[in-house]
Amino acid sequence: MTDPFTTAYRTRAAGSLRAADAGVHTTVAGWVHRRRDLGAIVFVDLRDREGIVQVSFDPDWTPADVLAEARRLGPEDVVQVEGVVFPRVQGQHNAALATGDVEVRGARLTVLTRSEPLPIQVDYAADEELPAEDLRLRYRYLDLRRPALQNSLIIRHRAAQATRAYLSGQGFLEVETPLLTKPTPEGARDFLVPSRVHPGEFYALPQSPQIYKQLLMVSGYDRYFQIARCLRDEDLRADRQPEFTQIDAEMAFVDEEDVFRTGEQLMAAVFREILGVELPTPFPRMTYHEAMARYGSDKPDLRNPLFVVDVTEVLSGADFRIFQAAAESGQSIRGIRVPGGARLSRKELDELQEVAKRGGAAGALWVKRGDEGLSGQFAKGLDEARASDFYQAAELEAGDLFVAVVGWFRGESEASGPEVDGALDELRRHLGRKLNLVDTAAHAWLWVTEFPVFDWDAENDRLVYAHNPFSMPKGEAVQAILDATRDGMPSREAARKLYAMGLRSRAYDAVYNGNELASGSVRIHIPAVQQAVFSALGMSEEEVQGKFGFLLEAYRFGAPPHAGFAFGFDRLVMLLAGASSLRDVVAFPKTTSARALFENAPTAIGDDQLREVHVQVRPTAG
């Protein structure tokens, strides 16, 4: 079988040579990773995508002119070397290299191109600090030569191929959907593209293929997937880019269990291919409300054994001013029992205040249980009987710490202030790390189900969708929404009542080690129900027709029950590669200010081009 790297310039990839190749005459080509001149002999580490091989130039087998040329080589020169593969001298094997048992004894050397002095290095020791990220992004084409980044992109390729292989084997068809689309609300700002041939009109770049994949189900394609490029004009974080990739899939004639089984087996195939890990399936299931109540988060990290306990009933009658005020206002008291947490220092306990504030609470309260009873901020407010009830409710043992948060929590319909679930989430994660409670070797997957249909936008005093407006309401929620919108858009009072009902949807997320990795739902496929959801969200008939008329029209001609998911591919690869940022697994990422530094984009456009697309740029005020 011909080596796939055999070309006019080489017979083998440099990094693919092994002990079995000893005695073979070969030609390799690549970059000079490192040169070591020992006087009589010159060693060159030659690098290509497959790895690094040592080339030795020695008067015993190298002509004098070739040896002289080898001494002039600089970092990142591109060269071609011809020679024979030999076992390395006894004691000089390099276990850090896959090629470490052999070397190429160079007989001919051709310099293909010379490299100028590098603005950033490519060769770094494992413990060496990298240059500033902006500088590396400015010279991204050089930074991509680093083996660590190359390995991440190889993992990305393998994950994509494993995805295609599994879904294709399950009867899915890969279908490309448009990149020039109709602007529709997806929860973020669209990137807009002016039309040259239709003056004053604009396309949008897709935030997701959501509507197209639903139309494909109406069209009878049954099972669709796409490794889809999506774009959203929103602020960036370490785990977010304006353009991103998702594994997008949709199925007809299915329910949640069919989707869960497909998503689980897809992830099992990817993890098996990349990490050699067998994921246990099926993944655990938990409703959104259970997740919020037990963990303070809809994406809990199940590797962390800490969980939330509601102690409102036992503590609201305590002789402690903050708890008494909470009882009078209808707020709740929830907290986290931390086994062995009594050993934390006073400084570490004081730090919990700032952690809780990051999550939206006013602060945190703590007590420790010792051999002689309670100590801490609200210990004196508990008499012996109430302390005993508290121990039982919180399962508090000697040596444990309990950290409490007071406020309104998700799902409390009478809440009249900000929800503070995030404080418990922050505390849980902080304490799990601080006390080394998280099992970092585990792969903890979870389906979070039954997300709310609606959220309440307090600023604009209206309903908004909690997951997406195409998610099928669950059970009796369908009739409740139909009833509320029988006469069109509900009043503010009726909308508020609809929200207070806590209606649940057939929407779900897949969570991995505390990261939301997939989102999906059973879709609405009945026109009247979809129209009712739009009306509940305050959309007029005219607005619905303008934005979604084509979808509702398609539903009128026979839409099957259907459901799907989208796995965040960039984030998945980031976690598989053990990277800390999406930028480490994307070939040409943007900065946190949404700039591509290596090509200086975005950039100003000349007046002639602007006139062609009927756009005029006005100076920014001020």
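## Charges over rings

Let's start with arginine: the charged end of R105 sits over the ring of W61, at 4.2 Å from its centre. Keep in mind as you look around that this is a predicted model. R294 offers another example, lying over the face of F307 with 4.2 Å to the ring centre.

## A tilted pair across the chain

Now to rings that meet other rings. The count of aromatic pairs comes to 22. One of them joins Y288 and F451, with ring centres 5.1 Å apart. Planes under 30 degrees apart count as stacked and those over 60 as edge-to-face; here the planes stand at 40°, so the pair is tilted.

This pair brings together distant parts of the chain, its two residues being 163 residues apart. Y288 belongs to helix α7 (residues 288-295), while F451 lies in the loop between β17 (445-449) and β18 (454-457). Are these two residues buried or exposed? Both Y288 and F451 are buried.

## An edge-to-face pair

F565 and F567 also form an aromatic pair, with 5.1 Å from centre to centre. Their planes are 80° apart, and the pair is edge-to-face.

Why do these two count as buried? The cut-off for buried is under 20% relative accessible area. F565 has a relative accessible area of 1%, so F565 is buried. F567 counts as buried because its relative accessibility is 1%.

## The wider cluster

Which residues do ring pairs link into a cluster? The members are F260, F271, F283, W445, W447, Y508, Y512, F565 and F567. You will recognise F565 and F567 from the edge-to-face pair above.

Conventions: Residues numbered from 1 in each chain as written. Predicted model: local features only at pLDDT ≥ 70, side-chain atom pairs only at ≥ 80, totals over all residues. Heavy atoms only, no water. Phe/Tyr/Trp six-rings, centres within 6.5 Å; stacked < 30°, edge-to-face > 60°. Helix = DSSP H or I, 4+ residues; strand = E, 2+ residues; numbered from the N terminus. Buried < 20%, exposed > 50% of the residue type's maximum accessible area, 1.4 Å probe, protein only. Lys NZ or Arg CZ within 6 Å of the ring centre and 35° of its normal.
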